[in-house]
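Me: I'd like a close look at a single part of this protein, with some help reading what's around it. Can you walk me through it?

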Amino acid sequence: MSAHPGHEELQTVLDDADTVGRWQIDVRRCVVMADPIVAQLFGFTPEFGARGIPFETFNNGVHPDDRAHVMEHILGCAEAGGWFIAEHRVCSADGQIRRILARGKFDPDESGTVVVGRGIVVDITQSDASDDPLVASRISQATPPLEQVVDLVLASYRTLKDLGEPKAVALTEALLMELGFCLARAQVRGRLAHMH
């Protein structure tokens, strides 16, 4: 189900979308809905991402050396609710190893059951980074301020898209892109602080 459309095609998609992608997980069905950026970063076609990629298949897009550590945090959040930030490698559709920063949140419904997760992915391949995956997660606790902002903007993006407001959607996408870079910078600052 994965595709290798070539470096130029993936780079064009990444350039056109400012390297920030969005994803949503239907926890009950164990399916990831991925926009073209996320699908291709994880090694799949945009069409497969739009149809929904089985969670286990999607996980195969994470670099094998990073997979167990990253999935442990994400699955914990998917089970209990909470947020995560993960910086790790992926095997992209162009056959290259890329480094991403993923941010996601799983919210329980009124009964306490987690049914959906949403988030963004930023391609940070060009930044200075080590090969070791960095993951932070928080299960069912207060969300830090920057993550709260991302949650609100993601909710606004979905609503504006449903309302058919293209200019407002474009502005919201630009804000999501900048917030993705804010998350990446915060992650880098945290990594540097641990080194000193």
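Reply: Sure, let's begin with Arg99. Arg99 counts as buried because its relative accessibility is 6%, and the cut-off for buried is under 20%. Keep in mind that this is a predicted model, so that 6% is a computed value.

Where does Arg99 sit? Look along strand E5, which covers residues 97-108, and you'll find Arg99 there. Its side chain has a partner, too: the side chains of Arg99 and Glu87 are joined by a polar contact of 2.9 Å.

How far can you trust the picture? The protein has a mean pLDDT of 78, with 74% of its residues at 70 or more. Residues 1-6 are a stretch to treat with care, as their pLDDT is below 50. In the model, that stretch still has 15 contacts beyond near neighbours in sequence.

Now turn to the largest pocket, which holds about 340 Å³ of space. Strands E1 (20-26), E2 (31-34) and E6 (114-123), along with helices H3 (46-51) and H6 (145-163), each give two or more residues to its lining. Helix H6 gives the most, with five residues. In total, 15 residues line the largest pocket, and Arg22, Gln24, Tyr157, Arg158 and Lys161 lie nearest its centre. Sort the lining by class and you get six nonpolar, six charged and three polar residues.

Terms used: Residues numbered from 1 in each chain as written. Predicted model: local features only at pLDDT ≥ 70, side-chain atom pairs only at ≥ 80, totals over all residues. Heavy atoms only, no water. pLDDT = per-residue confidence, 0-100. Contact = heavy atoms within 4.5 Å. Helix = DSSP H or I, 4+ residues; strand = E, 2+ residues; numbered from the N terminus. Buried < 20%, exposed > 50% of the residue type's maximum accessible area, 1.4 Å probe, protein only. Polar contact = N/O pair within 3.5 Å; in protein donor to acceptor, adjacent residues only side chain to side chain. 1 Å grid on protein atoms, 1.4 Å probe; cavity = no way out; pocket = protein on both sides within 12 Å on 5 of 7 lines; lining within 4 Å. Points joined across faces, edges and corners; volume = space filled by probe spheres on them. Nonpolar A, V, L, I, M, F, W, Y, C, P; charged D, E, K, R; others polar.
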